Amino acid sequence: SADVYCRQQLNHEAQLTMHEIEDAAIFAGGRRDGLDIIDLGPARYQTIANERLNGKEMENGPLYTPQRMVGDLLRAGGGKNQPEIIFEGPSGEAPGRWVVSVGSDIIIHDQPSTKDDNSSDLATTVSACEPDVSSSADLYDFLPCFGASDATFPAEESHPSLTTAPMWGKDSQPPPEVLSQMKRLERNKSAPNGTDEDVLFGTSSCPMDVDEDVFIIESPQHLDAVHEVVALAIRREAFGQALRVLAKLIRSLNHRAREQDDVMIQLLLASTHQNMATICLWMNRLSEARHNINKAIEKRTAHFPQTHSAIAISLARRGLVEFGLNDFDASLNSFRCAVKILNQNTSKHYVMIAKLENNIGCGLFQQSKFQEALKHFTTSLDMQRPSVEGHVRREVAVFDCGVTLTNLGKTYLMIKDYEMAPYVYEEALLLQTSIFAKNHSSVLRTLGSLAFVKSVIGEGKAALRLYRATTRVLVASHGEASQENMDIMALTGALYVEQQSYGEALKCFKGVLEWQKRQLPCDHPTVEKTALTVQRIEAMLEICTT
């Protein structure tokens, strides 16, 4: 029965060791714990804390909002080149989660991969949440001189059913297919005016109740079929479609619960609400995400023991949503409640607690409580070090530890500890380059942060060397005319101005200006500001030569 299955799952989780948890994480690329880690962003980016303190060191950098941080961490994917979404299973455990690569451009039945109405809005949302220099945002946001001076995991198709099979009994056979519904799907699949969802459903084997307009969920195979439809939509970056499919699954589960309610149906509802919250996060619909995650917490709290890790996972997700909404008190409360649950668990989830400690530090940082933030970043780092100091280093462990180190460095910079700030960034860079390529986004970001810190503490020559190294990598990987290279060129020009090397500075800003004129209208404010910068440098150069 469902109750027996739940007890078996809970007993199994209680017996897990740290090594078994890490093995489960390795199986899915290291992120099967269902938690994300917050990155405060490059050193030169302003935050809400900067605005409160009116810090002069970073007053010319672009504002990096918590909403942008959340959007960034989702696309970071634990350091993977292909972003991915981790979806919850009903058990709330690592083996029941499933991973989908975002935007892998799969074409369904030779249909053009067009985005739905919501995904067209998402393109704007993603660029707005993307602080990297590779985003399509206004270049003005990234030039300080203008302000003033692949496949769904797991690989074995049977693995998701291992978690859901006990819902209907291991020996129970799935009910017969609804033939009339299968025929209807075939018609919609070939109809020119069929909806995108009809095309998606036509690729699956999930039957539907036509009268009630709900899925028939009577076997693990039916549930897996619905999840595959969601996965296909995510691969196309059609987040609106995926959200509507999950909303229909909610209606279907509620319809079944009215006929025959049990614990597993409620746990399925909880995991589906959490998965909807995750997609809403990707779509930048934070209020809707909060509504869904609260539903998930309500159901998991009602049907799981209070020390179950699934409740902690949901609380951590809610904390992330609240962080994006600038509700830092609520966010900190959610993160701390999640840590309390994991600490009470008979198996210490050290990797998960380390991420939560980092996230608590980020919340305190935004509240300008820098000393308290340092304590939590240090605690997180102490828990992460064993996983990166051994002979075998997992990519995701290095990524997470690198994020915590750069957050620590940014905090030291805020309290003007100019001895520790560069030291921590250097340690992060050494760690990241031990496993990531030199053109990896994490490496380039840390390199840029270290260069900025060097310029802040008066080591301009060292900063220039770092910017030149970054330029070489960017030109090799993205091309000389890339926006990434233009950003570094502007920063390098600003350093030359500080060192009164006006000839070198003029070369840099003229290159940026020529690029902007090719990319932007002539009357664009960015072009005008860069042209004014060039004029000022030319005037200074003329004064120096006369």
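Modeller: Before we start on this predicted model, one term: a crossing is left-handed if the near helix is turned anticlockwise from the far one by less than a right angle.

Biologist: Handy. So which hand does the crossing of α10 and α11 have?

Modeller: Left-handed, as α10 passes α11.

Biologist: And at what angle do their axes cross?

Modeller: Roughly 165°, with the axes of α10 (residues 239-259) and α11 (residues 263-282) coming within 10 Å. Angles over 145 degrees count as roughly antiparallel, so α10 is roughly antiparallel to α11.

Biologist: Which residues make the contact?

Modeller: On α10 they include F239, L243, L246, I250 and L253, and on α11 they include I265, L269, H273, M276 and W282. By class, that contact has 16 nonpolar, five polar and one charged residues.

Biologist: OK, switching helices. How do α13 and α14 cross?

Modeller: The axes of α13 (residues 309-324) and α14 (residues 328-344) come within 8 Å and cross at roughly 160°. That makes α13 roughly antiparallel to α14, and the crossing is left-handed.

Biologist: Who's in that contact?

Modeller: Among them are I311, L315, R318 and F323 of α13, with F328, S334, F335 and I341 of α14. The contact divides into 13 nonpolar, four polar and two charged residues.

Biologist: New topic: how many aromatic pairs are there?

Modeller: Five in the structure. One of them is F365 with F370, an edge-to-face pair at 5.2 Å centre to centre and 70° between the planes.

Biologist: Is F365 buried or exposed? And F370, buried or exposed?

Modeller: F365 is buried, at 0% relative accessible area. F370 counts as buried too, at 8%, because the cut-off for buried is under 20%.

Notes. Residues are numbered from 1 along each chain as its sequence is written. This is a predicted model: local features need pLDDT of at least 70, side-chain atom pairs count only at pLDDT 80 or more; totals for chains, interfaces and linings use all residues. Side-chain values use heavy atoms; hydrogens and water are left out. Axes are lines fitted to C-alpha atoms, for helices over the stretch in contact, and angles run from 0 to 180 degrees between N-to-C directions. Helices (H or I, at least four residues) and strands (E, at least two) are DSSP runs, numbered from the N terminus. Angles under 35 degrees count as roughly parallel, over 145 as roughly antiparallel, 65 to 115 as roughly perpendicular and the rest as oblique. Contact means heavy atoms within 4.5 Å. Ala, Val, Leu, Ile, Met, Phe, Trp, Tyr, Cys and Pro count as nonpolar, Asp, Glu, Lys and Arg as charged, and the others, Gly among them, as polar. Rings of Phe, Tyr and Trp (its six-membered ring) pair if their centres lie within 6.5 Å; planes under 30 degrees apart count as stacked, over 60 as edge-to-face and the rest as tilted. Buried means under 20% relative accessible area, exposed over 50%, partly exposed in between (1.4 Å probe, protein chains only).
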